[in-house]
Amino acid sequence: MAAPMLRWCCLGRRWVLACVDSGSRHGRGAAIGFTSSRKRGQSSVAQQPLITAQKSRKGEHKWAAVVGLEIHAQISSNSKLFSGSQVRFAAPPNSLVSFFDASLPGTLPVLNRRCVEAAVMTGLALSCRINKKSLFDRKHYFYADLPAGYQITQQRLPIAVNGSLAYSVCAGKKPSQVISKTVRIKQIQLEQDSGKSLHDELRSQTLIDLNRAGVGLLEVVLEPDMSCGEEAATAVRELQLILQALGTSRANMAEGQLRVDANISVHHPGEPLGVRTEVKNLNSARFLAKAIDSEIERQIHELENGREILNETRSFDYKLGCTMPMRDKEGKQDYRFMPEPNLPPLLLYDTASLPPGADPQQVINIDWIRERLPDLPSETREKLIQQYGMLPEHSFALLNEVGLLEFFQNVIKETRAEPKKVTSWVLNIFLGFLKQQNLAVNESPVTPTALAELLNLLDRKAISSSAAKQVFEELWRSKGKTPSQIVSEKQLELMQDEEALERVCHTVMEGHPQVVMDMKRGNSRAINKLIGLVRKATLSRADPTVIKEILEKKLSS
């Protein structure tokens, strides 16, 4: 059968730095459905829980939780998976719908090349084996927002299998106490998204928006190797960073570009895995962690009170902070999977198997994509640690906030200050102000150039640390002013006249004889008090180090 026709879709987006640990590939793992066939005492290293799910009652065994995830990431592409309809967030309802998206009779799918390349790139970044031949299937179910009555997906033979995702979780109260963990990736498959059902409770109506129908998705299935909400949220955040670094998905959870279903069960260590429940459509890492931990607690409570766990689908009510039942899974839904008759097998090649004279527009070369992979988050963190002597937790913080790494690097380019000082200012002062105002990095009134100039003033001792913080606050409030202008207007320059500073110190010491006496008796707090008094007298324009030297010199003489 001939290879499917591919459309070229240029994304036109810039690649940014970031990465996953390209550790060894794992063999084929267990399916995401949790089984109870494991013998007592058998437990893989991957499934050993990081923490006990809940403190056990006296005389009882501890509980262990097992968590697996199914993650749906919307592919960054100008058009949909099988049609030329545009993809755009918040467009007017039903304004981006082709005849194929609406499932009009006689319309046929045409595979989007960009979506296939995005799937291959993601699979390579996650150490997956790329299948040179993959198949498309129809998954039948009947919702109003699925006009065809089926979804085109990859049930039998997906595009990528057997990968791994490395992530780090905090093991203690200190940020530096982290444990590196790895979750196996069962598969990555291409599939269509559905439309949206909009429920108008006021008019008792349900309205259908098909703008999202047919948008390309990457479904990433993680094996049940995690044991709590924190682990799951951290793994999802790492995957989010990888997708953004690759440019294969914007992965903005607030816009529905990354949605997570969590499969959860609890059991006593050494015993068979318990009955699982599925919590659907989690669209924030914070809610994902809360939903999983809440469901773990609920299952333990049910079992300890003699009740059974039902194999059901649940949703998370963020207002109540708990999961709620949606529908049961006791009767297995028959999706009537069948091969997609309008799409031939998807054939991919590497350099060795590339047919002679093949049209590069119609053939995808896996090796060509592999050579063009950008740095991924773990590689970027390692470079930051080596290049700037940065602490690991600081490298994580720089990458976790969108645009913060680029901001940091732009400041570094324009300042003479030490990287450690730049890191401190960016993570403590700059990021603190952003969070107080609930702003994104690209919404900051302080530019990298302005912060670099401020740090240069501080580096050459033109201003004190406290004055620098005053200048930063003024920069935040007064857009358009430079640090030098603010320093000049507010007369925040450090006193350069040492004789004048000596006279101020002498006056302060004469005015506070008791503090001077305490200082002579060896009271370490006394000198700090004198330094504070001198700085107050100079309107914080004197360097505390210089003040201390002058005071000690006067005391010894």
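In strand 17, Met338 has Arg138 standing opposite. Arg138 belongs to strand 6 (residues 137-140), and strands 6 and 17 pair in the antiparallel sense over 2 bridges. Here a strand is a DSSP run of E with at least two residues, a helix is a DSSP run of H or I with at least four residues, and both are numbered from the N terminus. Two strands count as paired if DSSP finds at least two bridges between them. Strands of a sheet pair through backbone hydrogen bonds, either parallel or antiparallel.

Before we go on, a word about the model: it is predicted, local features need pLDDT of at least 70, side-chain atom pairs count only at pLDDT 80 or more, and totals for chains, interfaces and linings use all residues. Residues are numbered from 1 along each chain as its sequence is written, and side-chain values use heavy atoms, with hydrogens and water left out.

Back to our pair of strands. They are part of an open sheet of 3 strands in the order 7-6-17, with antiparallel pairing. Strand 7 (150-153) and strand 17 (338-339) are the edge strands, each pairing on one side only.

Now look for another open sheet, this one made of 9 strands. Its order is 4-8-9-12-2-13-14-15-16, and its pairing is mixed. Strand 4 (129-130) and strand 16 (322-328) stand at the edges with a single partner strand each, so one side of each has no neighbour in the sheet. At one of these edges, strand 16 runs antiparallel to strand 15 (residues 312-317), joined to it by 6 bridges. You can find Asp317 there, standing opposite Cys322 in strand 16.

What lies across strand 8 (160-170)? Helix 2 (residues 229-246) does, running at about 115 degrees to strand 8, and it also lies across strand 2 (64-74), strand 9 (178-192), strand 12 (216-226) and strand 13 (258-267). For such angles, axes are lines fitted to C-alpha atoms, for helices over the stretch in contact, and the angles run from 0 to 180 degrees between N-to-C directions. Contact means heavy atoms within 4.5 Å.

Strand 13 also takes part in a salt bridge. Arg259 forms one with Asp193, and their closest N and O atoms are 2.9 Å apart. The two come from distant parts of the chain, 66 residues apart: Arg259 is in strand 13, while Asp193 is in the loop between strand 9 and strand 10 (196-200). A salt bridge is a side-chain nitrogen of Lys or Arg within 4 Å of a carboxyl oxygen of Asp or Glu, and by this rule the count comes to 22. Side chains of opposite charge can pair when their charged atoms come close.

Next come the helix pairs. The axes of helix 7 (residues 404-414) and helix 8 (residues 419-437) come within 10 Å and cross at roughly 135 degrees. That makes helix 7 oblique to helix 8; angles under 35 degrees count as roughly parallel, over 145 as roughly antiparallel, 65 to 115 as roughly perpendicular and the rest as oblique. Among the residues that meet here are Phe407 and Phe408 in helix 7 and Val426 and Phe430 in helix 8. By class, this contact has 11 nonpolar, 1 polar and no charged residues. Ala, Val, Leu, Ile, Met, Phe, Trp, Tyr, Cys and Pro count as nonpolar, Asp, Glu, Lys and Arg as charged, and the others, Gly among them, as polar.

Further along, the axes of helix 10 (residues 465-477) and helix 11 (residues 483-490) come within 10 Å and cross at roughly 115 degrees. That makes helix 10 roughly perpendicular to helix 11. Val471, Glu474 and Leu475 in helix 10 meet Pro483, Ile486, Val487 and Lys490 in helix 11. This contact has 5 nonpolar, no polar and 2 charged residues.

Helix 12 (residues 498-511) and helix 15 (residues 544-556) pack at about 60 degrees, with axes 10 Å apart, which makes helix 12 oblique to helix 15. Their contact has 7 nonpolar, 1 polar and 3 charged residues.

Finally, find Ala462 in the loop between helix 9 (448-459) and helix 10. Leaving out residues up to four places away in sequence, Ala462 touches Leu457, Leu492, Glu493 and Leu494. The C-alpha atoms of Ala462 and Met495 are separated by 8.6 Å, with the two residues 33 apart along the chain.
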